[in-house]
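Biologist: Please take a close look at one part of this model for me. I would like the packing inside it described residue by residue.

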Amino acid sequence: MAQHIAQKLRLTSALLGTVTRKDLAAAFRSVNPKTSFDLGRADKWLQGRAQPREHSVYEDWVKLLGLEQSGAWIADCDLPNFTAAIAARHNIDIVDLERRAGSQFETSSNHEERSLALALAGTYACYSRAWSPYYRGQFIRGILSMEPGPGSHGLTASYREILPTGQLVLGGPVTPAKRALYMHLREVGGDAQFFVSLFPRSQPGSVLGGYMCGTAIIGPEAQPSLTRILMVRLRDQARGATPWGGYLLPDESISADLASVGMSIEHPEQVDRQLTRFLVGGSDGGVHQIPPAEFRAILDVFDRHWLKHSSARQSP
């Protein structure tokens with residue numbers, strides 16, 4: 001079984017001086033124009049989430065490094081032997097090579113973090129079920145803003161709801177992970193805390209969805225609470241739509257509400273039914289989980305809307 005593929009690729013990249021995955025893929029194509037090394041899979045290989053299955057990738061790798069060993073050797077050897085072999089073949093100090101690989105990986109990781117932060121940055125209209133027993137069965141609207149942190153590293157979020165008792169504002173870090181997007185939000189000037197767990201962002205990033213948990217703000221006693229939440233990304237011209245928020249009455253339309261902040265949805269009645277089904281989804285034996293297909297159906301609606309209006313913007 002192949003081992004240490006991510007580390008071996010980083011060492012190879014450091015040796016060749018390739019800065020990006022695109023550069024590394026181009027290097028593989030230089031020794032074999034029909035190489036099976038491609039950008040999509042390289043992303044997973046460099047993150048250690050998968051490894052090349054095609055034997056030809058390892059044979060191309062041997063040619064790229066000018067090694068006398070076989071492709072199977074690259075796949076199977078341990079990391080110290082691999083590092084020593086390429087350092088000796090190219091007359092480079094092992095310590096220097098490892099330092100360059102570590103520095104390059106850190107730079108690449110920082111670049112990816114900044115890119116994701118910029119991709120997520122924006123303002124989102126949020127819909128979730130009301131936790132307060134006085135508003136049972138209603139939805140509540142919130143506004144969430146995400147922006148890169150100081151120095152363009154990391155991402156911070158600010159979430160706001162307009163309640164009958166006043167405005168509730170929470171903020172905190174956003175943590176992207178391989179299988180989720182997390183937010184830990186703390187009340188500004190208070191002790192309320194919300195934890196948000198969302199599906200990972202996908203292109204073009206028109207909507208986020210998942211769960212929000214915390215404690216009901218308005219009620220006679222403390223109630224740990226959980227709700228599904230949808231965050232619909234608003235375009236630039238809608239960002240200044242304030243004041244906006246509060247509870248939706250049972251007969252009010254989410255699609256109509258989105259139209260009030262600049263997002264006109266086709267087939268609003270159908271979309272309303274779909275959004276309502278998502279937001280009121282229940283539990284399975286006490287375990288609350290959102291079926292991925294259920295969220296993908298929501299993604300399809302808003303991604304198509306986002307892409308259609310992006311194309312319209314670019315037309316002369």
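Which residues touch the most other members of the largest nonpolar core?

Modeller: A caution before the answer: this is a predicted model. The largest nonpolar core has 30 residues, and Phe37 and Trp61 touch the most other members. Seven helices each supply at least two residues of this core: H1 (5-16), H2 (21-31), H3 (39-46), H4 (55-65), H5 (71-76), H6 (79-89) and H7 (94-120). The largest share comes from H4, with 6 residues.

Now take Trp61. Leaving out residues up to four places away in sequence, Trp61 touches Ile5, Lys8, Leu9, Thr12, Phe28, Ile74 and Phe82. Another core lies apart from this one. That second core has 29 residues, including Cys126, Leu155, Leu168 and Ile229.

Back to one partner of Trp61, namely Thr12. Thr12 sits in helix H1. Its relative accessibility is 0%, so Thr12 counts as buried; the cut-off is under 20%. The Thr12 side chain also makes a polar contact with the Trp61 side chain, at 3.0 Å. With residues up to four places away in sequence not counted, Thr12 touches Leu24, Trp61, Leu64, Leu65 and Phe82. Phe82 therefore appears in the contact lists of both Trp61 and Thr12.

Terms used
Residues numbered from 1 in each chain as written. Predicted model: local features only at pLDDT ≥ 70, side-chain atom pairs only at ≥ 80, totals over all residues. Heavy atoms only, no water. Core = buried A, V, L, I, M, F, W, Y, C linked by side-chain atoms within 4.5 Å. Buried < 20%, exposed > 50% of the residue type's maximum accessible area, 1.4 Å probe, protein only. Helix = DSSP H or I, 4+ residues; strand = E, 2+ residues; numbered from the N terminus. Contact = heavy atoms within 4.5 Å. Polar contact = N/O pair within 3.5 Å; in protein donor to acceptor, adjacent residues only side chain to side chain.
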